[in-house]
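Open the model in your viewer and keep the selection panel at hand. Each stop below says what to select and what is there.

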Amino acid sequence: MPFLFPNKLLNEGMRSAVSCPIIEGSLPITFRWDKDGQPLGAGGTSGVFGALIDGVVIRSNDEYSSTLIIDHLKFQHRGNYTCEAINAAGTATHSAELTVNGK
């Protein structure tokens, strides 16, 4: 489940994407992404969901993974992102910090 942003390399205008894969666990699994403790988009396991932050898209790859995509990084995208995977057995979370360098 761990993911990592390449913090020292990302500048405004670049693209970034991180995946949150689950290597074990029973279906159904629901994924949820947060930025600084605030929910991004809608939870779920399929399709493309809108986001609360401009330029952030959450996409479900399959039943076992979710990807957070930022097509055009802006300074406002910096912060702490958390992926939460939830099923009947419990919840697993992982967080990573995104740093965006100005132009």
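**The whole chain**

Of the 103 residues in the protein, 36% are buried, where buried means under 20% relative accessible area, exposed means over 50%, and partly exposed is in between, with a 1.4 Å probe and protein chains only as cover. This is a predicted model, in which local features need pLDDT of at least 70 and side-chain atom pairs count only at pLDDT 80 or more, while totals for chains, interfaces and linings use all residues. Residues are numbered from 1 along each chain as its sequence is written, and side-chain values use heavy atoms, with hydrogens and water left out.

Switch to a cartoon view. The protein has 0 helices and 8 strands; helices (H or I, at least four residues) and strands (E, at least two) are DSSP runs, numbered from the N terminus. In order from the N terminus, the elements read β-β-β-β-β-β-β-β.

Now show the surface. About 5,700 Å² of the protein is exposed, and carbon and sulfur atoms supply 52% of that area; accessible areas come from the Shrake-Rupley method with a 1.4 Å probe. Among contacts in the protein with a separation of 6 or more, 56% are between residues 24 or more positions apart, a contact being heavy atoms within 4.5 Å.

**Stop 1: strand E1 and its partner**

Select residues 16–21, which are strand E1. In a regular strand the side chains alternate between the two faces of the sheet. Which residues of E1 are on the covered face, and which on the uncovered one? Ser16, Val18 and Cys20 make up the covered face, and Ala17, Ser19 and Pro21 the uncovered one.

Add residues 65–70, strand E6, which runs antiparallel to E1 and is joined to it by 6 bridges. Two strands pair if DSSP finds at least two bridges between them. To see one of these bridges, pick cysteine 20 and its partner in E6, serine 66.

**Stop 2: the loop between E1 and E2**

Select proline 28, which is in the loop between E1 and E2. The peptide bond leading to proline 28 from leucine 27 is cis, with omega near 0°.

Next, select asparagine 87, in strand E7 (residues 79–87). Leaving out residues up to four places away in sequence, asparagine 87 touches Gly25, Ser26, Pro28 and Ile29. Its C-alpha is 7.8 Å from that of glycine 25, although the two are 62 residues apart in sequence. A polar atom of the asparagine 87 side chain lies 3.0 Å from the backbone oxygen of serine 26.

**Stop 3: the aromatic rings**

Show the side chains of Phe3, Phe5, Trp33 and Tyr81, which ring pairs link into a cluster. How many aromatic pairs are there in the whole structure? The search finds 3. The ring centres of phenylalanine 3 and tryptophan 33 are 5.3 Å apart and the planes are at 55°, so this pair is tilted. Rings of Phe, Tyr and Trp (its six-membered ring) pair if their centres lie within 6.5 Å; planes under 30 degrees apart count as stacked, over 60 as edge-to-face and the rest as tilted.

The two residues come from distant parts of the chain, 30 residues apart: phenylalanine 3 is in the segment before E1, and tryptophan 33 is in strand E2 (residues 30–35). Both are buried.

**Stop 4: the nonpolar core**

Add Leu40, Leu68 and Leu98 to the selection. Together with Phe5 and Trp33, they have the most contacts inside the largest nonpolar core, which has 22 residues. Such a core is a set of buried Ala, Val, Leu, Ile, Met, Phe, Trp, Tyr and Cys residues joined through side-chain atoms within 4.5 Å. At least two residues of this core come from each of E1, E2, strand E5 (56–62), E6, E7 and strand E8 (90–98). E7 gives the most, with 3 residues.

Beyond its neighbours within four places in sequence, leucine 68 has contacts that include Phe5, Val18, Trp33, Leu40 and Tyr81.

**Stop 5: strand E7 and its two partners**

Select E7 again. Is E7 mostly covered or uncovered? It is mostly covered, with 7 of its 9 residues buried. E7 runs antiparallel to E2, with 6 bridges between them, and tryptophan 33 has cysteine 83 as its bridge partner in E7. E7 also runs antiparallel to E8, with 9 bridges; one bridge partner to find in E8 is threonine 93, opposite glutamate 84. E7 and E8 form a hairpin, and 2 residues lie between them.

Technical notes
Polar contact = N/O pair within 3.5 Å; in protein donor to acceptor, adjacent residues only side chain to side chain.
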